[in-house]
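I opened my notebook beside the model today and jotted down what I looked up. Here are the entries, in the order I made them.

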Amino acid sequence: MTESVLVPHLSDAMVRVTEVAAIAAAKLAGKGDEKAADQAAVDAMRTAFNSVNFQGRIVIGEGERDEAPMLYIGEEVGTGNGPAIDIALDPLEGTTLTAKAMANALAVLAIAPRGGLLHAPDTYMDKIAIGPGFPEGIVDLDESPADNIKALAKFLDRPVEAMTACVLDRPRHAEIIESLRSVGARICLISDGDVAGVINTTNSDTGIDLYVGQGGAPEGVLAAAALKCVGGQMQGRLVFRNEDEKNRARRVGVEEFDRKYDLNELASGETVFCATGVTKGGLVDGVVSRPGVTITDTLVMSSADGMVRKITTRHRTA
């Protein structure tokens, strides 16, 4: 069995992993405790991984070994039998969203054959992303947000005023917001969850044409794995605020600090991406608990065949 078959073959198992993590986190939605919700998702995800017949290695995780007791970078999970797989994960993308019972919290992971995902350090990354259907290179991280949104509008034969960019609502993005608004583009500001923000560019129903801004580098790899499945485009450049962050990068093999990564460098292997909703959002519904049953909603993508599926699962409960 080839690698391109092995990874999609694991998709059902990965759905179960994100489902159990989402269910565990959802039990703490609205409780105001970010750490407890995150830990519940971590515990559930790790237990689920260890029932899967694969040799899993965490390359994007909860942090370095001395910072995270479980699902740390470099940790081995799975039964130890089966294919060797690299894993990027965020057991709870949107800890604040969950603690406040706000929309768009997710349990997220991506897998690829060994070496198929960039070992991104826990630093920031400048990102730009669009969905499928555009000529290669139509947007560029080194161009202004205004020029990028105008290029998309020209290709789509739409006025710039009808275009929408998704941006994290952070003070550091003031110049990006000003650039986009200077040409009349609409802006969808999000409080957290830039993985979902990037993936929204792949679905025309969301109305998001462009994602741009600075967010976590690990989340950038997760988002790239999703975009790879549907043929989108993404560029990222690591951002370092101090020497300690550069040392983090060196420890995972990064030496070119100013390098601009394209999508296929962030996620170079065949990928499977899974995201289960913890709270209701634009991508997927959140966990719903009813007497005797818990319902989950999961988005699954595979780059081997370009397949995108929505899976609604009813879990029987005592």
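Before I looked at any pairing, I reminded myself that two strands pair if DSSP finds at least two bridges between them. I also noted that this is a predicted model.

**Entry: strand 1 and its partners**

I began with strand 1, residues 55–60, and asked in which sense it pairs with strand 3, parallel or antiparallel. Strand 3 covers residues 84–93, and the two run parallel, joined over 5 bridges. To pin this down at residue level, I picked Gly56 and found Ile85 of strand 3 as its bridge partner.

Then I turned to strand 2, which spans residues 76–77. Strand 1 pairs with strand 2 in the antiparallel sense, over 2 bridges. Here I wrote down Arg57, which stands opposite Glu76 of strand 2.

**Entry: two backbone angles**

Next I went through phi values, keeping in mind that most residues other than glycine have a negative phi. I stopped at Leu71, which is not a glycine and yet has a positive phi of about 55 degrees. I found Leu71 in the loop between strand 1 and strand 2. Is Leu71 buried or exposed? Its relative accessible area is 0%, and since buried means under 20%, Leu71 counts as buried.

Asn104 was another stop, with a positive phi near 80 degrees, and it too is a residue other than glycine. Asn104 sits in the loop that lies between helix 4 (95–99) and strand 4 (106–113). I looked up its cover as well: the relative accessible area of Asn104 is 29%, so I put it down as partly exposed.

**Entry: the whole chain**

I then stepped back to the chain itself. I listed 10 helices and 14 strands. What radius of gyration does the chain have? I noted 19 Å, which agrees with the value near 20 Å for a compact globule of 318 residues. The C-alpha atoms fill a box of roughly 55 × 45 × 40 Å along the principal axes.

For burial, I wrote that 55% of the 318 residues are buried. Among contacts with a separation of 6 or more, 68% are between residues 24 or more positions apart.

**Entry: surface and charge**

Last, I looked at the outside. The chain exposes about 13600 Å², and carbon and sulfur atoms supply 46% of that area. How many positive and negative side chains are there? I have 32 positive and 45 negative in my notes, and the centres of the two sets lie 5 Å apart.

Note on methods:
Residues are numbered from 1 along each chain as its sequence is written. This is a predicted model: local features need pLDDT of at least 70, side-chain atom pairs count only at pLDDT 80 or more; totals for chains, interfaces and linings use all residues. Side-chain values use heavy atoms; hydrogens and water are left out. Helices (H or I, at least four residues) and strands (E, at least two) are DSSP runs, numbered from the N terminus. The radius of gyration is taken over C-alpha atoms; the globule rule is 2.2 Å times the number of residues to the power 0.38. Buried means under 20% relative accessible area, exposed over 50%, partly exposed in between (1.4 Å probe, protein chains only). Contact means heavy atoms within 4.5 Å. Accessible areas come from the Shrake-Rupley method with a 1.4 Å probe; for residues, only the protein chains shown count as cover. Lys and Arg count as positive and Asp and Glu as negative; His and the chain ends are not counted. The place of a charge is taken as NZ of Lys, CZ of Arg, CG of Asp or CD of Glu.
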